[in-house]
Amino acid sequence: MTGNQPKHKKDLTRRKVVVAGAGAAVAVGAAGTLAASGAFAGETSTTASASSSATASEACYKLTSETTEGPYYIDADKIRRDITEDKEGIPLVLDLKVIDAETCKPIANAAVDIWHCDALGIYSGYESMSSGGGGGTMPSGAPSGTPTGEPPSGAPSGGTGGSVHQEPTDDERYLRGTWKTDKHGKVSFRTIFPGWYQGRCVHIHTKVHVNGEWTDAGYEGGNTCHTGQFFFSEEAVLASAEVEPYSTSTTTRTTLTEDTIYDQSGTAGGLLKLKYDKKNIAKGVVGSITMGVDPDAENDNTTM
């Protein structure tokens, strides 16, 4: 993606996302992993089996847990489903569905943001603040210790911590993007399996914006009804840690049960349903979840 990046602007009453850079190129990463683009869930045999994440048994009346936004959210970002750019890692298709937690009805035309670190724990826009590690051995299934001195904010060590927003330090915007839900409340993103950084388990940040308007310029107005995070099973994270470039990380890993943000409530807390080849996770992963939200709420969560 080239060109001038939009300057960060925080505005709780009017949100505008500038359309830019849809359609990243395919890139081949280390150990044959892909920085993927092209078809999304339901368009290939790899992802079709997980494209229907919603079932009749969904507890749609239960709100999905709200969490802190963390310091590294960038508004006015890119309208795109493929957020990979040239980042190496295990391909991940993220199938999301947004429903009204009270009526169980899908919410169409919502703007869904996702953002996360790369395979070595680095956030775009904040590379100088991030602390990803490389060049060592992969983490074991039993970390040597729990996080020390890390605030429960989702901020990589080396940053300022806390949930206070930080201004971007660079113009990179990989692994960030926004797309709208269809009439069934569904949206899919193509990205890579996230890595980890000190003090946090593997996760993806998300926001859901509703009651706004899609225009030629992007998405404007409305309210942020949900700010949350998605989480990954320990089994999948341990499998990913055997694949380059994740295996080169020297950063101490926090497990799902040790994490200070995940509330241990399973799907309601943001735990993804994952599908992948247990013998070869490097082929790719499909993650899915239904988010129950209150469309009338304001859950920006910048001060949690």
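Strand 12 and strand 13 (residues 285-293) pair in the antiparallel sense over 4 bridges; two strands count as paired if DSSP finds at least two bridges between them. Strands (E, at least two residues) and helices (H or I, at least four) are DSSP runs, numbered from the N terminus. Within this pairing, lysine 273 has serine 288 of strand 13 as its bridge partner. The structure is a predicted model, in which local features need pLDDT of at least 70 and side-chain atom pairs count only at pLDDT 80 or more, while totals for chains, interfaces and linings use all residues. Residues are numbered from 1 along each chain as its sequence is written, and side-chain values use heavy atoms, with hydrogens and water left out.

Strands 12 and 13 belong to an open sheet of 4 strands in the order 7-4-13-12, with mixed pairing. Its edges are strand 7 (186-192) and strand 12 (273-276), each of which pairs on one side only. Neighbouring strands of this sheet are turned by 20° against each other on average, direction ignored; axes are lines fitted to C-alpha atoms, for helices over the stretch in contact, and angles run from 0 to 180 degrees between N-to-C directions.

Another open sheet of 4 strands has the order 6-5-8-11, and its pairing is antiparallel. Here strand 6 (176-180) and strand 11 are the edge strands, each pairing on one side only. The twist from one strand to the next averages 20°. Inside this sheet, strand 5 and strand 8 (residues 203-210) pair in the antiparallel sense over 5 bridges, and alanine 111 has histidine 209 of strand 8 as its bridge partner.

On the edge strand 11 (residues 223-231) lies threonine 227. This residue is buried, with a relative accessible area of 1%; buried means under 20% relative accessible area, exposed over 50%, and partly exposed in between (1.4 Å probe, protein chains only). Beyond its neighbours within four places in sequence, threonine 227 is in contact with residues including Ser65, Glu66, Thr206, Lys207 and Asp300, where contact means heavy atoms within 4.5 Å.

The interior can be followed next. The largest nonpolar core has 41 residues, and those with the most contacts inside it are Leu96, Phe193, Phe230 and Phe232. A nonpolar core is a set of buried Ala, Val, Leu, Ile, Met, Phe, Trp, Tyr and Cys residues joined through side-chain atoms within 4.5 Å. Elements that give two or more residues to this core include strand 4, strand 5, strand 8, strand 11, helix 2 (234-240) and strand 13. Among the residues that leucine 96 touches, not counting those up to four places away in sequence, are Val112, Ile114, Phe189, Phe230 and Met291. A second, separate core of 9 residues includes Tyr73, Cys117, Tyr123 and Tyr197.

Aromatic rings form a further set of links, with 8 aromatic pairs found in the whole structure. Rings of Phe, Tyr and Trp (its six-membered ring) pair if their centres lie within 6.5 Å; planes under 30 degrees apart count as stacked, over 60 as edge-to-face and the rest as tilted. One of the pairs joins tyrosine 73 and tryptophan 115, tilted at 4.6 Å centre to centre with 45° between the planes. Tyrosine 73 lies in the loop between helix 1 (45-48) and strand 4 (91-100) and tryptophan 115 in strand 5 (residues 111-115), so this pair ties together parts that are 42 residues apart in sequence. Both tyrosine 73 and tryptophan 115 are buried. Lysine 207 lies over the face of tyrosine 73, at 5.0 Å from the ring centre; a charge sits over a ring if NZ of Lys or CZ of Arg is within 6 Å of the ring centre and within 35 degrees of the ring normal. Elsewhere, ring pairs link Tyr72, Tyr123, Tyr126 and Tyr197 into a cluster.

Some backbone features remain. Most residues other than glycine have a negative phi, and most peptide bonds are trans. Leucine 175, which is not a glycine, has a positive phi of about 60°; this leucine lies in the loop between strand 5 and strand 6 and is buried at 0% relative accessibility. Asparagine 211 likewise has a positive phi, of about 65°, but is exposed at 56% relative accessibility. The peptide bond from glutamate 244 to proline 245 is cis, with omega near 0°, and proline 245 is found in the loop between helix 2 and strand 12.
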